Amino acid sequence: YLGGRWQGLDASLLPEQHRAVVGAGAGGATGVLAAIQDPLSRMVAAGALMQVGRIGPNDIALATETASGQGWRRPLLMWLGVALKRAQAAGDNAEAERLQRRIRLVLP
C-alpha cells in the first residue's frame, strides 16, 4: 500500500480509513482524503495516492493544509514542493510565486 504496489492488494487487510483510498478509481480520489478524519491517516493516504499517481490538485491542497494545521513542517514543505512543481508545469507563475513565498516562511 505505502509503496504504491496496489495490483492484487487485498484492501480488506488495511485499516478501515485506507480501504476507500485503494478503491478509488484511476481517475482520482477526489473526496476520499477529505473523508479521513485522523490527520496522520490522511497524510499516509495522501502519500500512498501520490505513489500511485492518483492524487489530484484538491487532494494536494488538503494534504498541505492538514500538515500546516498540525504544525508538521517537513510534510508541509514536501506538499508545498509538490504544489509548486505542478504550478510551474502548468505555467501558473502567480501561483508558483505564492507557493515559493509560503515555502520561504516555513523554512527555518
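Tutor: Contact means heavy atoms within 4.5 Å, and it is in this sense that the buried residues of α2 pack against α1 (16-23), α3 and α4. This is a predicted model, in which local features need pLDDT of at least 70 and side-chain atom pairs count only at pLDDT 80 or more, while totals for chains, interfaces and linings use all residues. Residues are numbered from 1 along each chain as its sequence is written, and side-chain values use heavy atoms, with hydrogens and water left out.

Student: What makes the length of α2 agree with that of a helix?

Tutor: Helices are DSSP runs (H or I, at least four residues), numbered from the N terminus, and the expected span is 1.5 Å times one less than the number of residues. With 14 residues, α2 should reach 20 Å, and the distance from its first C-alpha to its last is 20 Å. Helix α4 (residues 73-89) passes the same test, because its 17 residues should span 24 Å and its end C-alpha atoms are 24 Å apart.

Student: Which elements do the buried residues of α4 pack against, and what follows the helix?

Tutor: The buried residues of α4, among them Trp79 and Leu80, pack against α2, α3 (57-70) and α5 (93-106). Helix α4 is followed by Gly91, whose phi is positive, near 75°; α2 is likewise followed by a glycine with positive phi, Gly53, near 75°.

Student: Why are Tyr1 and Trp6 called a stacked pair?

Tutor: Rings of Phe, Tyr and Trp (its six-membered ring) pair if their centres lie within 6.5 Å, and planes under 30 degrees apart count as stacked, over 60 as edge-to-face and the rest as tilted. The centres of Tyr1 and Trp6 are 5.6 Å apart and their planes differ by 10°, which satisfies both conditions for a stacked pair. A search of the whole structure finds one aromatic pair.

Student: How do you know whether Tyr1, Trp6 and Leu40 are buried or exposed?

Tutor: Relative accessible area decides (buried under 20%, exposed over 50%, partly exposed in between, with a 1.4 Å probe and protein chains only). Tyr1 stands at 15% and is therefore buried, as is Trp6 at 9%. Leu40, by contrast, has 52% and is therefore exposed; this residue lies in helix α2 (residues 39-52).

Student: What makes Arg102 and Glu65 a salt bridge?

Tutor: The rule asks for a side-chain nitrogen of Lys or Arg within 4 Å of a carboxyl oxygen of Asp or Glu, and the closest N and O atoms of Arg102 and Glu65 are 2.9 Å apart, so the pair qualifies. Arg102 lies in helix α5 and Glu65 in helix α3, so the bridge ties together parts that are 37 residues apart in sequence. Glu65 has 43% relative accessible area and is therefore partly exposed.

Student: Why are Glu97, Arg101 and Arg104 spoken of as a network?

Tutor: Glu97 takes part in two bridges that meet the cut-off, one with Arg101 at 3.8 Å, N to O, and one with Arg104, whose closest N and O atoms are 3.3 Å from those of Glu97, and the three residues are thereby linked in a network of salt bridges. Arg101 and Glu97 both lie in helix α5, four residues apart, about one turn of the helix. Arg101 is partly exposed at 44%, and Glu97 is partly exposed at 32%. By this rule the count for the structure comes to four salt bridges.

Key: Helices (H or I, at least four residues) and strands (E, at least two) are DSSP runs, numbered from the N terminus.
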